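This report describes how a ligand is held by its protein, and then turns to the cysteines. Please read it alongside the structure shown here.

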Amino acid sequence: MDLVLNALRAAADPTRLRILAVLESGELTVSELVAILGQSQPRISRHLKILVDAGLLARFREGSWVFHRLNSEGGNLSPARRIVAMIPKDDSLRAQDTGRLKEIEVGRARAAEAYFAKYAPEWDRLRQLDVDEEAVANAVREMMPLVKTQRLLDLGTGTGRMLQVLGPDVGEAFGVDRSHEMLAVARANLKHWGLENCQLRQADILSLPLPYGTFDAVVLHQVLHFLERPWAALEEAQRMLSPGGRLLVVDLAPHDQEELREKHAHRRLGFTDEEVREWLADQGLTCETIRHLKPGALGVTLWVARRNAQAAI
Ligand SMILES: C[S@@+](CC[C@H](N)C(=O)[O-])C[C@H]1O[C@@H](n2cnc3c(N)ncnc32)[C@H](O)[C@@H]1O
């Protein structure tokens, strides 16, 4: 009973209820919460501490950024989620906060798009600066053996690197990216590599215009660390997989290169094995293998997960 009383006492404040409501959709930094709620940093930090102490929020530090998210232990039955569920969606303050959150997200998405548009012509060179891409490509081929009858989907394909690595092994492959400029380079690359079985689509990987359950293999190579909600990309990837199909996630291991945020539009400084394994499990995917590489200045992790062979589409 003490736990419930503590949680209810902590939530019994208008600003703290607003914080809980705005965190329903994901994780935010202290400065983002300050911008959304329009209150001073010390005040917001004090409210956050009370919510963390009461077990309603979880906090984690990554470099100089501190993220907060709802403590969702217990899923939809967690005290934090139950309290948020009681706040009407059309409450005027809640709607105002959600509007400000959307503005922040749109601003960040535009900045990331501008970054990829600017660097598209150089991307094939930039990708190799921190990581030996041949070592990664060899691990990708080993961990994702494919055959000519299979279909591959590369999400956030950029200039088409994963299509180059895995495309020759499959019958048909699709690469999806939001950036027109990246896709223009990918198109030229595919022609140069003679990969006539590969096609490109301009789309948001969080809302794919492709039929569900039709891909034997889905790949997310160095994409998650750019996203506000990396788990949302895994959710959409999972929908694309045929029963028994495999998802390969390749991303950076945790690191402290803060400048990647300012200069290269990264949102997250890598991911732990457990974090991604849990997101995969949340999607009903079984993580079968995890491999770590240190092919350069930064560590790279590869996760392979499988969709249940009996899953309904
Ligand atoms: C770092 S690049 C990686 C490209 C490629 N996978 C590679 O390894 O070279 C990340 C790519 O994800 C794309 N991207 C980021 N968010 C996206 C979204 N929501 N929908 C579609 N593409 C997205 C970017 O446009 C960019 O081309």
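## Polar contacts of the ligand

An oxygen atom of the ligand has a polar side-chain atom of His221 at 2.5 Å. When taken alone, the ligand exposes 600 Å², and 98% of that area is buried by the protein. The model is a predicted one.

Arg127 also contributes through its side chain: one of its polar side-chain atoms is 3.0 Å from an oxygen atom of the ligand. At Arg178 the backbone is involved instead, with a polar backbone atom lying 3.1 Å from a nitrogen atom of the ligand.

## The surrounding shell

The site of the ligand is the largest pocket. Around the ligand there are 19 residues, of which Arg127, Gly156, Asp177, Ile205 and His221 are the closest.

Sorted by class, this shell comprises eight nonpolar residues, six polar residues and five charged residues. Arg127 and His221, both among the closest residues, thus reappear here from the polar contacts described above.

## Cysteines and disulfides

A disulfide is a covalent bond that joins the sulfur atoms of two cysteines. How many disulfides does the model contain? The count is zero.

Two cysteines can be placed by their accessibility. Cys198 has a relative accessibility of 8%, and it counts as buried because this value is under 20%. Cys287, at 17% relative accessibility, is under the same 20% cut-off and therefore also counts as buried.

Technical notes: Residues are numbered from 1 along each chain as its sequence is written. This is a predicted model: local features need pLDDT of at least 70, side-chain atom pairs count only at pLDDT 80 or more; totals for chains, interfaces and linings use all residues. Side-chain values use heavy atoms; hydrogens and water are left out. A residue is near a molecule or strand if one of its heavy atoms lies within 4 Å of it. A polar contact is a pair of N or O atoms within 3.5 Å; within protein, one must be able to donate a hydrogen and the other to accept it, and residues adjacent in sequence count only if both atoms are side-chain atoms. Accessible areas come from the Shrake-Rupley method with a 1.4 Å probe; for residues, only the protein chains shown count as cover. On a 1 Å grid over the protein atoms alone, a cavity is a set of points where a 1.4 Å probe fits but cannot get out, and a pocket is an open set with protein on both sides within 12 Å along at least five of seven lines; lining residues have an atom within 4 Å of a point. A molecule sits in a cavity or pocket if more than half of its atoms lie within 2 Å of its grid points. Ala, Val, Leu, Ile, Met, Phe, Trp, Tyr, Cys and Pro count as nonpolar, Asp, Glu, Lys and Arg as charged, and the others, Gly among them, as polar. A disulfide is a pair of cysteine sulfur atoms within 2.5 Å. Buried means under 20% relative accessible area, exposed over 50%, partly exposed in between (1.4 Å probe, protein chains only).
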